[in-house]
Amino acid sequence: MKKLLTILYFLIPLTFWAQYLLPNEEVIYSFETKNGKKMSLVKDKTNTYIQYRFGTKTKVEMEFPAEKTKESWKKFHYNSYMRGGGIQNAGMEVDNLSFKNNGYEYLLFRTYHAEGEDYSAGIIITDSKGKETRINGNYKTVKGCICSLEETGMIQKEDIGLNF
């Protein structure tokens, strides 16, 4: 009995996290926020769809888009910038992915600045009046990279500006 309880103790958290990644999916980019929530950007292994998920460890609170179709790729906009370092320039890298849902604009970001070896990740949510809410990610929990989207051939870079 004690052995069974030990096994269940370890499997229950895995079951909760499993809703963030289905068997036919792979993570493009994910992280935990500083307040303990989780953000996952996933895609079907055959590039059938892409989906954003956000919520607590036990519940996905938001999934976008709801439909898992090829059309989902058109709802996301991607941009990146990389500057090599040198005497006059500090190296930096910025990756952004944006989408709109219910009157809000969501911007996922990942940045690196050579000066100070500064890494950051997070989400910026902007309402229809321009008010921004920033959700900072815990960089130690980052998996994947927004930059890998180009490799899929399903999304192209767009000039959406760079934010972080």
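This report follows one residue, Gln-51, and the strands and nonpolar core around it in a predicted model.

Gln-51 belongs to strand E3, which covers residues 50-55. Its relative accessible area is 0%, and because buried means under 20% relative accessible area, Gln-51 counts as buried. Leaving aside residues up to four places away in sequence, Gln-51 touches Ser-40, Leu-41 and Val-42, and also Glu-63, Phe-64, Pro-65, Ala-66 and Lys-68. Two polar contacts of the Gln-51 side chain are set out in the table below.

| Partner of the Gln-51 side chain | Distance |
|---|---|
| Side chain of Arg-53 | 2.6 Å |
| Backbone oxygen of Pro-65 | 2.6 Å |

Leu-41, one of the residues that Gln-51 touches, leads on to the nonpolar core. The largest nonpolar core in the model has 25 residues, and those with the most contacts inside it are Leu-41, Tyr-52 and Ile-123. Two or more residues of this core come from each of the strands E1 (25-32), E2 (38-44), E3, E4 (60-64), E6 (92-101), E7 (104-113) and E8 (118-126). Ile-123 has a long list of neighbours when residues up to four places away in sequence are not counted, among them Phe-31, Met-39, Tyr-52, Phe-54 and Tyr-106. The list for Ile-123 also includes Leu-107, Leu-108 and Phe-109, together with Thr-133, Arg-134 and Ile-135.

Strand E2 deserves a closer look. In a regular strand the side chains alternate between the two faces of the sheet. Along E2, the residues Lys-38, Ser-40, Val-42 and Asp-44 point one way, whereas Met-39, Leu-41 and Lys-43 point the other way. The residues on both sides are all buried, and E2 as a whole is described as mostly covered, with seven of its seven residues buried.

E2 is also joined to two other strands. With E1 it runs antiparallel, and seven bridges join the two strands, with Glu-32 standing opposite Lys-38 in E2. The hairpin of E1 and E2 has five residues between the strands, and in this hairpin Gly-36 takes a positive phi near 90°. E2 and E3 likewise run antiparallel and are joined by six bridges, with Met-39 standing opposite Phe-54 in E3. The hairpin of E2 and E3 has five residues between the strands, and there Asn-47 takes a positive phi near 65°.

The path thus returns to E3, the strand in which Gln-51 lies.

Conventions:
Residues numbered from 1 in each chain as written. Predicted model: local features only at pLDDT ≥ 70, side-chain atom pairs only at ≥ 80, totals over all residues. Heavy atoms only, no water. Helix = DSSP H or I, 4+ residues; strand = E, 2+ residues; numbered from the N terminus. Buried < 20%, exposed > 50% of the residue type's maximum accessible area, 1.4 Å probe, protein only. Polar contact = N/O pair within 3.5 Å; in protein donor to acceptor, adjacent residues only side chain to side chain. Contact = heavy atoms within 4.5 Å. Core = buried A, V, L, I, M, F, W, Y, C linked by side-chain atoms within 4.5 Å. Pairing = 2+ DSSP bridges.
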